[in-house]
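Trainee: Could you take me closely through one part of this model, starting from a single cysteine and its surroundings? Please then relate that part to the rest of the chain, and state each criterion as it arises.

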Amino acid sequence: MDSMHNKVLSLYKNKMSVEDMAFILEISVAAVENYIKDLEEENEFQYCENCGKRMVSIKGKKKKRFCCDKCRNEWWNAHQDQVNKRAYYVKTCACCRRKFLSYGNKNAKYCSHECYIKHRYHRERRHYEKRDY
Ligand SMILES: [Zn+2]
Ligand SMILES: [Zn+2]
């Protein structure tokens with residue numbers, strides 16, 4: 001990378017338009033675009049997952065998903081459902097054997113309180129029957 005590349009990169013990071021860069025660096029717009037193309041090959045360009053803004057991240061450095069904290073917060077707020085879905089577990093009810101979704105509890109055994117009571121009652125009755133006979 002020569003010094004012109006570095007100048008273009010620093011202006012680019014400041015979100016300056018191609019036209020303004022061309023004016024400041026006293027080169028043509030096409031030349032600026034060429035420098036940017038070189039820089040794209042040199043660096044990894046990423047897009048903010050919230051606003052779609054292009055971000056520059058230098059190769060080898062940790063990749064960023066969002067351009068700023070505001071965007072990160074906005075994205076997480078808008079995707080609460082997606083985030084929460086991770087806490088659902090598909091379980092088989094120990095009583096009725098039907099599959100059910102357990103929210104946030106991967107050790108859940110019953111699909112409903114009803115099944116919980118029923119299953120416990122059966123178990124206890126079996127227990128008592130055994131003892132009685
Ligand atoms: Zn953003
Ligand atoms: Zn059940």
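Mentor: Apart from residues up to four places away in sequence, C71 touches C48, N50, C51 and F66, where a contact requires C-beta atoms, placed from the backbone, to lie within 7 Å. This is a predicted model, in which local features need pLDDT of at least 70 and side-chain atom pairs count only at pLDDT 80 or more, whereas totals for chains, interfaces and linings use all residues. Residues are numbered from 1 along each chain as its sequence is written, while chains are lettered from A and ligands numbered from 1 in the order in which they are written.

C71 belongs to helix α4, residues 69–78; helices are DSSP runs of H or I with at least four residues, strands are runs of E with at least two, and both are numbered from the N terminus. One of the contact partners of C71, C48, is 23 residues away along the chain, and the two C-alpha atoms are separated by 7.9 Å. C71 is classed as partly exposed because 18 other C-beta atoms lie within 10 Å. The class follows from a count of other C-beta atoms within 10 Å, again placed from the backbone: 20 or more make a residue buried, 12 or fewer make it exposed, and values in between make it partly exposed.

A second cysteine, C95, sits in the loop between β3 and β4. C95 is buried, because 20 other C-beta atoms are found within 10 Å. Neighbours within four places in sequence aside, C95 is in contact with Y110, C115, K118 and H119. For Y110, which is 15 residues from C95 along the chain, the separation of the C-alpha atoms is 6.5 Å.

The strands flanking that loop form a hairpin with 6 residues between them, and R97 in the turn has a positive phi of about 65°. Strand β3 covers residues 88–92, and its pairing with β4 is antiparallel over 5 bridges; strands count as paired if DSSP finds at least two bridges between them. Within the pairing, Y89 faces S102 of β4, and V90 faces L101 of β4. Strand β4 itself, residues 99–103, is hardly covered, since the count of buried residues among its 5 residues is 0.

The N-terminal helices supply a further point of reference. The largest nonpolar core has 5 residues, namely V8, Y12, M21, V32 and Y35; such a core is a set of buried Ala, Val, Leu, Ile, Met, Phe, Trp, Tyr and Cys residues joined through C-beta atoms within 7 Å. Two or more residues of this core come from each of α1 (3–13) and α3 (29–42). In soluble globular proteins, nonpolar side chains tend to be buried together. V8, one of the core residues, is in contact with M21, V32, Y35, I36 and L39 once neighbours within four places in sequence are left aside.

Helices α1 and α2 pack at an angle of about 140°, and their axes are 11 Å apart. Contact is made by M4, K7, V8 and L11 on α1, and by M21, I24 and L25 on α2. Axes are lines fitted to C-alpha atoms, for helices over the stretch in contact, and angles between N-to-C directions run from 0 to 180 degrees. The two helices are therefore oblique to each other: angles under 35 degrees are roughly parallel, over 145 roughly antiparallel, 65 to 115 roughly perpendicular, and the rest oblique.

Two loops in this region carry residues with positive phi. K15, in the loop between α1 and α2 (18–25), has a phi of about 60° although it is not a glycine. K15 is exposed because it has 10 C-beta neighbours inside 10 Å. E26, in the loop between α2 and α3, has a positive phi near 55° and is likewise not a glycine. With 7 C-beta neighbours inside 10 Å, E26 therefore counts as exposed.

Finally, the overall setting. The protein has 6 helices and 4 strands, in the order α-α-α-β-β-α-α-β-β-α from the N terminus. Of its 133 residues, 7% are buried. Among contacts between residues at least 6 apart in sequence, 20% join residues at least 24 apart.

Methods
Two residues are in contact if their C-beta atoms, placed from the backbone, lie within 7 Å.
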